[in-house]
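Work through the exercises below with the sequence and the model open side by side. Try each task before reading its solution.

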Amino acid sequence: MALLFLDTANIEEVRQAVAWGVLDGVTTNPTLMMRAGTADLKATTLEIAEIVRGPVSAEVISADAEGMIAEAREILAWSEFVNVKIPCTVEGLKAMREISRWPNGRINATLIFSPTQAYLVAKAGATYASLFVGRMDDAGLDGMEVVRQTREIFDQYGFPCKVLAASIRHTAHVVESLRAGADIITVPFAVLQQMVRSPFTDAGLERFLADWRKVAGS
Ligand code: G3P
């Protein structure tokens with residue numbers, strides 16, 4: 001089954017999405033923390049984890065492997081639900097290789113824009129490979145094709161690394177990610193709302209209720 005994550009650091013959005021009963025996890029990043037107006041990475045991540053009780057990504061801010069490893073050690077100790085987001089750079093790969101050897105070494109490899117990057121993070125032991133579909137499209141690349149190619153490569157060689165479709169901008173990205181076989185799709189709250197709404201559903205419901213009122217005489 002494809003899992004559905006929310007791409008946010010906003011506690012209220014997490015609360016609402018969890019109440020809908022369809023949410024499996026949450027991804028955050030420093031920009032999302034900034035938008036949520038929080039500088040307390042630990043408190044925010046733990047609050048989210050307590051609400052969703054599923055995987056929650058918290059990103060490192062170091063650029064060197066040593067710093068990333070030190071941050072990951074701390075982040076991963078916060079909760080069994082938390083995984084550490086590491087960027088796909090040379091330093092990031094070195095850090096992933098080391099962290100993946102730990103018993104709690106849950107890694108979300110982030111900022112992936114090509115199948116070769118996905119292949120490398122899978123080799124380095126990442127749990128999830130976050131493919132930035134929307135940002136690829138913005139750059140004139142075909143983001144969904146990268147999801148399809150990564151799926152094919154991971155399947156062909158049996159890599160356990162999960163394909164995570166990120167940087168989702170609209171519902172067509174969700175549909176295409178599902179069709180391409182993404183294991184996980186992380187969506188902003190606005191896209192989650194678009195996924196459930198249809199004016200035809202609203203109009204249809206209104207008509208059903210109006211007709212019922214006619215026969216029931218209320
Ligand atoms: O979580 C990372 C990713 O989803 C970022 O998306 O919209 O900033 O490109 P965006």
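The exercises go from the whole chain to the barrel, then to pockets and single residues. The model is predicted.

**Exercise 1. The chain as a whole**

Task: State how many helices and strands the chain has, and what share of its residues count as buried.

Solution.
- Step 1. Count the elements: the chain has 11 helices and 8 strands.
- Step 2. Turn to burial. The chain has 218 residues, and 47% of them count as buried.
- Step 3. Take the extent along the principal axes. The C-alpha atoms fill a box of roughly 70 × 40 × 30 Å.
- Step 4. Look at contacts between residues at least 6 apart in sequence. Of these, 57% join residues at least 24 apart.

**Exercise 2. The barrel**

Task: Give the order in which the strands close into a barrel, and the sense of their pairing.

Solution.
- Step 1. Follow the strands around: the order is β1-β2-β3-β4-β5-β6-β7-β8, with 8 strands closing the barrel. The pairing is parallel.
- Step 2. Check the angle between neighbours. On average, neighbouring strands of this sheet are turned by 30° against each other, direction ignored.
- Step 3. Start with β1 (residues 3-7) and β2 (residues 25-27). They pair in the parallel sense over 3 bridges. Phe5 has Gly25 of β2 as its bridge partner.
- Step 4. Move on to β2 and β3, which are parallel and share 2 bridges. Here Thr27 is partnered by Ser57 in β3.
- Step 5. Go one pair further. β3 and β4 run parallel and are joined by 4 bridges. Glu59 stands opposite Lys85 in β4.

**Exercise 3. Strand β3 and the helices outside the pairing**

Task: Decide whether the side residues of β3 are buried or exposed on its two faces, then place α4 and α6 against the strands.

Solution.
- Step 1. Sort the residues of β3 by face. Val56 and Ala58 are on one side, Ser57 and Glu59 on the other.
- Step 2. Apply the cut-off for buried, under 20% relative accessible area. These four residues are all buried, so both faces of β3 are covered.
- Step 3. Place α4 (residues 65-78). This helix lies across β3 (56-59) and β4 (82-87), and runs at about 160° to β4.
- Step 4. Place α6 (residues 115-123). Helix α6 lies across β5 (107-112) and β6 (128-132), at about 160° to β5.

**Exercise 4. Two pockets**

Task: Describe the largest pocket by volume and lining, then do likewise for the second largest pocket.

Solution.
- Step 1. Take the volume of the largest pocket: about 390 Å³. It is lined by 25 residues, and Asp7, Asn29, Leu32, Arg35 and Pro188 are the closest to its centre.
- Step 2. Assign the lining to elements. α2 (30-35), β6, β7 (162-166) and α10 (189-196) each supply at least two residues. α2 gives the most, with 3 residues.
- Step 3. Sort by class. The lining of the largest pocket has 10 nonpolar, 9 polar and 6 charged residues.
- Step 4. Turn to the second largest pocket, with a volume of about 190 Å³. Its lining has 13 residues; Ala39, Leu41, Glu59, Ile61 and Glu71 lie nearest its centre.
- Step 5. Assign this lining too. α2 and α4 are the elements giving two or more residues. The largest share, 4 residues, comes from α4.
- Step 6. Sort by class again: 7 nonpolar, 3 polar and 3 charged residues line the second largest pocket.

**Exercise 5. Trp20**

Task: Find which residues Trp20 contacts, leaving aside neighbours within four places in sequence.

Solution.
- Step 1. Locate Trp20 in helix α1 (residues 11-20).
- Step 2. List the partners: Leu192, Gln193 and Val196.
- Step 3. Classify exposure. Trp20 has a relative accessible area of 37%, so it is partly exposed.

**Exercise 6. Positive phi**

Task: Where in the chain do Arg53 and Leu111 lie, and what is phi for Arg53 and for Leu111?

Solution.
- Step 1. Recall the background: most residues other than glycine have a negative phi.
- Step 2. Take Arg53, in the loop between α3 (41-52) and β3. Its phi is positive, near 50°.
- Step 3. Take Leu111, found in strand β5. Phi of Leu111 is also positive, near 60°.
- Step 4. Add exposure for Leu111. Its relative accessible area is 31%, so Leu111 is partly exposed.

Definitions and conventions:
Residues are numbered from 1 along each chain as its sequence is written. This is a predicted model: local features need pLDDT of at least 70, side-chain atom pairs count only at pLDDT 80 or more; totals for chains, interfaces and linings use all residues. Side-chain values use heavy atoms; hydrogens and water are left out. Two strands pair if DSSP finds at least two bridges between them. Axes are lines fitted to C-alpha atoms, for helices over the stretch in contact, and angles run from 0 to 180 degrees between N-to-C directions. Contact means heavy atoms within 4.5 Å. On a 1 Å grid over the protein atoms alone, a cavity is a set of points where a 1.4 Å probe fits but cannot get out, and a pocket is an open set with protein on both sides within 12 Å along at least five of seven lines; lining residues have an atom within 4 Å of a point. Grid points are joined across faces, edges and corners, and a volume is the space filled by probe spheres set on the points. Ala, Val, Leu, Ile, Met, Phe, Trp, Tyr, Cys and Pro count as nonpolar, Asp, Glu, Lys and Arg as charged, and the others, Gly among them, as polar. Buried means under 20% relative accessible area, exposed over 50%, partly exposed in between (1.4 Å probe, protein chains only).
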